[in-house]
Amino acid sequence: MKKFAIGLLAFFAAGAMWACSDDHDEHLLPRQLPQAVTEFIAQQYPGARIVGGERERNPFYSLEVEIVDGTTVREVRFDTADQWVETKTEIRSSDVPAVVLDALRASQYGTWRIDEVDHYASPAREWYRFELDNPASDRDTEIDILPDGTLLI
């Protein structure tokens, strides 16, 4: 019973923080998402659980839906017509293909520290985005690399 009460308290606290957000985006429960969006997710990510969605003021996409696909959290993004724009998945450096890591190491950012890696997939292509820090200069940057090792700087 104690675990249930703690879980319930955490649920309401998280909901209160989400509702109090001052970013003026519209938060959506899974049942509030457009049918086209839920059908796309069911087809592309069978068995994934929809956590929620958010209508955003973003020039590249307007709806971001967070899903849990097995043990992987993904952000699936859609345009104003509820058409899929891209999927973002945070991954570990160890999950990046060797050709991509080799391209990073051979670039001018080869000695920089990797803070985060995201894998993106869109209708047109897929790529890896690295958030990097240069410990020597305290600078940071982002760099995109295609699966074949081509840098998109």
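This report describes the fold, the sheet, one helix and a few individual residues of a single protein chain.

**Model and confidence**

The structure is a predicted model, and its mean pLDDT is 86, with 84% of the residues reaching 70 or more. Confidence is not uniform along the chain, since pLDDT stays under 50 over residues 1–22, a stretch for which the model has five contacts beyond four places in sequence. Where pLDDT is low, the predicted coordinates should not be read in detail.

**Overall architecture**

The chain holds three helices and nine strands, and from the N terminus on these elements follow one another as α-β-α-β-β-β-β-α-β-β-β-β. Of the 153 residues, 36% are buried. Among the contacts with a separation of 6 or more, 39% link residues that are 24 or more positions apart. The chain exposes about 9,900 Å², and carbon and sulfur atoms supply 53% of this area.

**The sheet**

The nine strands form an open sheet in the order 1-2-3-4-5-6-7-8-9, with antiparallel pairing. Strand 1 (26–28) and strand 9 stand at the edges of the sheet, and because each has a single partner strand, one side of each is left without a neighbour there. Strands of a sheet pair through backbone hydrogen bonds, either parallel or antiparallel.

Within the sheet, strand 4 and strand 5 pair in the antiparallel sense over five bridges, and strand 5 and strand 6 likewise pair antiparallel over five bridges. Strand 6 and strand 7 also run antiparallel and are joined by eight bridges, while the hairpin that connects strand 6 to strand 7 passes through four residues. The table lists residues that stand opposite each other across these pairings.

| Residue | Opposite residue | Strand of the opposite residue |
|---|---|---|
| Glu75 | Lys88 | strand 5 |
| Lys88 | Tyr120 | strand 6 |
| Glu90 | Asp118 | strand 6 |
| Ile91 | Val117 | strand 6 |
| Glu116 | Glu131 | strand 7 |

Lys88 appears twice in the table, as it stands opposite Glu75 and also opposite Tyr120 in strand 6. In a regular strand the side chains alternate between the two faces of the sheet.

**Helix 3 and its packing**

In helix 3 (residues 98–106), the residues Val100, Leu101, Ala103 and Leu104 are buried. These four residues cover an arc of only 155° around the axis, which puts them on the same side of helix 3. The general geometry bears on this arrangement: an α-helix has 3.6 residues a turn, so residues three or four places apart point the same way. On the other side of helix 3, Ala98, Arg105 and Ala106 are exposed. The buried residues of the helix pack against four strands of the sheet, namely strand 6 (113–121), strand 7 (126–134), strand 8 (139–145) and strand 9 (151–152).

**A buried glutamate in strand 5**

Glu86 is found in strand 5 (residues 84–91), and its relative accessibility is 12%, so that it counts as buried. The side chain of Glu86 has a polar contact of 2.7 Å with the side chain of Arg77. When neighbours within four places in sequence are left aside, Glu86 is in contact with Tyr61, Glu75, Val76, Arg77, Tyr120, Ala121, Ser122 and Trp127. Arg77 is therefore both the polar partner of Glu86 and one of its contacts in this list, while Glu86 itself counts as buried at 12% relative accessibility.

**Two aspartates with positive phi**

Asp82 and Asp138 can be read side by side. Asp82 has a positive phi of about 60° although it is not a glycine, and Asp82 lies in the loop between strand 4 (72–78) and strand 5. That loop belongs to the hairpin of strand 4 and strand 5, which has five residues between the strands. Asp138, which is not a glycine either, has a positive phi of about 65°, and its place is in the loop between strand 7 and strand 8.

Is each of these aspartates buried or exposed? With a relative accessibility of 17%, Asp82 falls under the 20% cut-off and so counts as buried, whereas Asp138, at 75%, lies over the 50% cut-off and so counts as exposed.

Note on methods. Residues are numbered from 1 along each chain as its sequence is written. This is a predicted model: local features need pLDDT of at least 70, side-chain atom pairs count only at pLDDT 80 or more; totals for chains, interfaces and linings use all residues. Side-chain values use heavy atoms; hydrogens and water are left out. Buried means under 20% relative accessible area, exposed over 50%, partly exposed in between (1.4 Å probe, protein chains only). Contact means heavy atoms within 4.5 Å. Accessible areas come from the Shrake-Rupley method with a 1.4 Å probe; for residues, only the protein chains shown count as cover. The arc is that of the directions from the helix axis to the C-beta atoms. A polar contact is a pair of N or O atoms within 3.5 Å; within protein, one must be able to donate a hydrogen and the other to accept it, and residues adjacent in sequence count only if both atoms are side-chain atoms. Two strands pair if DSSP finds at least two bridges between them. pLDDT is the predictor's confidence in each residue, from 0 to 100.
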